[in-house]
Amino acid sequence: MKQAVLETPGKISFRDIPMPGELKPAEILLRIKKIGVCGSDIHVFHGKHPFVTKYPVIQGHEYSGEVVAVGDAVTVVKPGMKATARPQVVCGQCPPCLRGQYNVCQNLTVQGFVANGSAQEYFVVTEDRIVAVPDNVTYEQAALIEPAAVGAHSTIRAGDLSGKNVVVAGAGTIGNLIAQFAIIRGAKKVLLTTAKSDFRLDIAQQCGIKEIANLSKESFPDAVKRVFGDEGFQVGIEAAGAQGAVTDLIAGVENGGTVIIVGVFEENPVVNMGFLGEHELNVLGSMMYKQDDYEEAVKFIAEEKLITAPLITSRFPFSQYLEAYHFIEAQGDKSLKVMIDVAGN
Ligand SMILES: [Zn+2]
Ligand SMILES: [Zn+2]
């Protein structure tokens, strides 16, 4: 079978590798259908991801596939079903794992970054990480469950959102899906901001996110005033990985409010500790997701409460992985989710 290998930063080649061998009792063989490319893949492609230092890397952490075979002990999926799986490989023995917080396992490796990912025709996953996908969800939608689960987890981290005003900074795929989750969870109003172009805000509106602001045209305080009036906002979620967004959210959130950090920062941002203390803010991290978050993402996609179709802006065949990356770079913020089509629909 074919496998795409990121040999060194900037260089992708294809090689033929043997099919996976006999399955262990809890293993599942997937025929990979779609792989979504995300911002962190591009960081790895450039050798600029903070946690990826060793090459070659087999990428692919947002994916969907068809179950083709299952080990003797597997009960949650059967051959012929659609599925996706979490890319987190955890130890099960460190203190966070033992208390169920395995998303921050102290020995975590993520497939597609340090552990081998799914950029190949067939891929073996274990039952603890698999999530069955209903037939009415397409393989492309199923490849968006991974970023959607980030939205599920970060909005749970923010606490009860009902009746609260929420600002989500960053209009990429993750920011968009966080904003949609905040709406699902009963937030009063949700404002999605970007410091870049209107392209991603137009897509946000197609996804049902009504309140948007382009901070290259309007100041953050003006946007907050326009959307929330005197109510301000009680929760901010940072999904841009940008200094400006951190500064705005921490300075702008209501006293006693909560700011969740989701973005990945190439440079360590400066945080105004004065606001943190004086305003008694809760600033919390959010790391990927857990199994429940995946299952919730599947449910809301299947019920069409999460709108995913407008997020997919381009498609490339598996053989054009490198072209897809070059396209993403050339498009800048005029592109959102690019899908790699490994095996048709
Ligand atoms: Zn990703
Ligand atoms: Zn662990």
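Which residues does the UniProt annotation "domain: Alcohol dehydrogenase-like N-terminal" cover?

1. The annotation, from an unreviewed UniProt entry, covers residues 25-135. The model discussed here is predicted. Over residues 25-135 the chain is 10% helix and 33% strand. The C-alpha atoms at the two ends of this stretch are 25 Å apart.

2. A second annotation comes from the record as well: UniProt lists residues 174-303 for "domain: Alcohol dehydrogenase-like C-terminal", again in an unreviewed entry. Here the chain is 43% helix and 17% strand, and 19 Å lie between the end C-alpha atoms.

3. The domain assignment divides the chain into domain 1 (2-132 + 308-341) and domain 2 (151-285). Domain 1 is thus written as two stretches of sequence, 2-132 and 308-341. Taken over C-alpha atoms, the centres of domain 1 and domain 2 are 28 Å apart. In the contact between them, 12 residues of domain 1 meet 15 residues of domain 2.

4. Which residues coordinate the zinc ion (ligand 2)? The donors are the SG atoms of C91, C94, C97 and C105, at 2.3 to 2.4 Å. Along the sequence these donor residues are spaced C-x2-C-x2-C-x7-C. The arrangement is tetrahedral because the four donor atoms subtend angles of 103 to 121° around the zinc ion (ligand 2), and the criterion asks that all angles lie between 85 and 135 degrees. For reference, the ideal angle for four tetrahedral donors is 109.5 degrees.

5. Are the cysteines around the zinc ion (ligand 2) buried or exposed? C94 has 6% relative accessibility and therefore counts as buried. C105 is buried too, with a relative accessible area of 6%, and C97 is buried at 11%. C91 has 28% relative accessibility, so this residue counts as partly exposed; the cut-off for buried is under 20%. On the subject of cysteines, a search of the whole structure finds zero disulfides.

6. The other site holds the zinc ion (ligand 1), with donors C38 (SG), H61 (NE2) and E62 (OE) at 2.1 to 2.5 Å. These donors follow the spacing C-x22-H-E along the chain. Both H61 and E62 are buried. A reader should keep in mind that water is not among the atoms, so sites may look incomplete.

7. Where in the structure is I130 found? I130 is in strand 9, which runs over residues 130-133. With 3% relative accessibility, I130 counts as buried. I130 and E27 are 103 residues apart in sequence, yet their C-alpha atoms are 9.5 Å apart in space. Leaving aside neighbours within four places in sequence, the contacts of I130 include I28, L30, V76 and V77. A83, T84, A85, V125 and Q291 are also in contact with I130.

8. S335 lies in the loop between helix 11 (321-331) and strand 17 (337-341). Is S335 buried or exposed? S335 is buried, because its relative accessible area is 2% and the cut-off is under 20%. Residues up to four places away in sequence are not counted among its contacts, and S335 then touches F199, R200, T313 and F327.

Notes: Residues numbered from 1 in each chain as written. Chains lettered and ligands numbered in written order. Predicted model: local features only at pLDDT ≥ 70, side-chain atom pairs only at ≥ 80, totals over all residues. Heavy atoms only, no water. Donors = N, O, S within 2.8 Å, 3.2 Å for Na, K, Ca; no water. Tetrahedral: all angles 85-135°; square planar, octahedral: opposite > 155°, others 65-115°. Buried < 20%, exposed > 50% of the residue type's maximum accessible area, 1.4 Å probe, protein only. UniProt positions renumbered as here; feature names shortened; annotations may be inferred. Helix = DSSP H or I, 4+ residues; strand = E, 2+ residues; numbered from the N terminus. Contact = heavy atoms within 4.5 Å. Disulfide = S-S within 2.5 Å. Domains from an automatic or database assignment.
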